[in-house]
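Visitor: Please take a close look at a single part of this structure and then place that part in the context of the rest. I would like the cut-offs behind each term to be stated as you go.

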Amino acid sequence: MGGESTTRTAPRSAGTGTAQAGGGRLGQRLSGVAVAVGLLLFLGGFVWGALVYRPYTVPTSSMTPTIDAGDRVLAQRVDGSEVRRGDVVVFEDKSWVTNASVVKRVVAVGGDTVSCCTDGKLTVNGKQIDEPYLPEGSLAEIKNFPTVTVPKGRLFLLGDERQGSLDSTAHLTDAAGGTVSRDAVSARVDSVIWPMKGLLKRPTGFETLGALSQPGPVETIELMIVVGAVLVLAGGAYGPIAARLGRSRNRTRPESAGAR
């Protein structure tokens, strides 16, 4: 019989030079590294966040529009001695509210004199304070009160919604003259996470009176969690995708049969 030449398709599971199931060794190693690093970043971000921050749900509208009623915030655990003018803090004071945390903005610290108002603006140590976080069109002078000298180690606090906030001005007749001890502060609000409003704007109006607090690591923590999740998903998806591509190549590669 004469020789004949035929062309046949290689079996799906055979043939030289075909991709290994799940991708090559280098790809598998890299995907494993991506998953490991991703898990480290993802879990590390959550652990770091749990150590540094405390979540709170704000029940009232006294901090509107910065924080609305029902908003979920992240507050960095800080010592009262770290608090500076312009900070939004979480504290507990039984003379204000029993067994509940309160969220207000610090407008004066120990040794300051604070009053309201001059040309519609809050005055601290004789300087008018720009407060862009107040509700649009509102004036600080809604809370008229006489000059208060804040004792050492204490804070004077107001709500951003001056008209409806039960803040230091509502406690001026108390023994402490409306002020709160630094020791009562447990955290400083950095960010509104639900709805996602992000970091609080810096209270630049207080810069002329001294340095402002720096935001905590919330943005770094969020980045760690997002990058970690992407790496885990990408690394986990590599094997199945590489295997599928390898099988597709095997099905379409022709193999020549010799004369017989």
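Guide: What follows starts from one strand, goes on to its neighbours and to the salt bridges, and ends with the whole chain.

The model is a predicted one, in which local features need pLDDT of at least 70 and side-chain atom pairs count only at pLDDT 80 or more, while totals for chains, interfaces and linings use all residues. Residues are numbered from 1 along each chain as its sequence is written, and side-chain values use heavy atoms, with hydrogens and water left out.

The part to look at is strand β10, which spans residues 154–158; helices (H or I, at least four residues) and strands (E, at least two) are DSSP runs, numbered from the N terminus. Four of the five residues in β10 are buried, so that the strand is mostly covered, where buried means under 20% relative accessible area, exposed over 50%, and partly exposed in between (1.4 Å probe, protein chains only). Two strands pair if DSSP finds at least two bridges between them, and β10 has such a pairing with β5 (residues 102–109), to which it is joined antiparallel by four bridges. Within that pairing, V106 is placed opposite L157 of β10. Strand β11 (residues 180–181) also pairs with β10, again in the antiparallel sense, over two bridges, and here R154 faces S181 of β11.

A side-chain link also involves β5 and the loop that follows β10. D160 and R105 form a salt bridge, with 2.9 Å from N to O; the term stands for a side-chain nitrogen of Lys or Arg within 4 Å of a carboxyl oxygen of Asp or Glu. Because D160 lies in the loop between β10 and β11 whereas R105 belongs to strand β5, this pair ties together parts that are 55 residues apart in sequence. Both partners, D160 and R105, are buried.

Across the whole structure, a search finds seven salt bridges, and two others among them make useful company for this one. D112 and R85 meet through their side chains at 2.8 Å, N to O; since D112 sits in the loop between β5 and β6 (113–118) and R85 in the loop between β3 and β4 (88–91), the pair connects parts that are 27 residues apart in sequence. D112 is buried at 3% relative accessibility, and R85 is likewise buried, at 16%. For D68 and K197, the closest N and O atoms are 3.0 Å apart, and because D68 is in the loop between β2 (53–57) and β3 (72–77) while K197 is in the loop between β12 (185–194) and β13 (198–199), this salt bridge ties together parts that are 129 residues apart in sequence. D68 is partly exposed at 28% relative accessibility, as is K197 at 37%. A network of salt bridges links D68, D71 and K197.

Beyond the loop that holds D112, strand β6 enters an open sheet of four strands, with antiparallel pairing and the order β8-β7-β6-β9. Strands β8 (127–129) and β9 (145–149) are at its edges with a single partner strand each, so one side of each has no neighbour in the sheet. From one strand to the next the twist averages 30°, the axes being lines fitted to C-alpha atoms (for helices over the stretch in contact) and the angles running from 0 to 180 degrees between N-to-C directions. Three bridges connect β6 and β9 in antiparallel fashion, and V114 has V148 of β9 as its bridge partner. D119, in the loop between β6 and β7 (121–124), is exposed at 68% relative accessibility.

Another residue with many neighbours is R188 of strand β12, which is buried at 7% relative accessibility. Leaving aside residues up to four places away in sequence, R188 touches ten positions, including L74, E82, D87 and S213, contact meaning heavy atoms within 4.5 Å.

The protein as a whole has two helices and 14 strands, and 41% of its 260 residues are buried. Of the contacts between residues at least 6 apart in sequence, 69% join residues at least 24 apart. The exposed area is about 14,600 Å², with carbon and sulfur atoms supplying 57% of it, as computed by the Shrake-Rupley method with a 1.4 Å probe.
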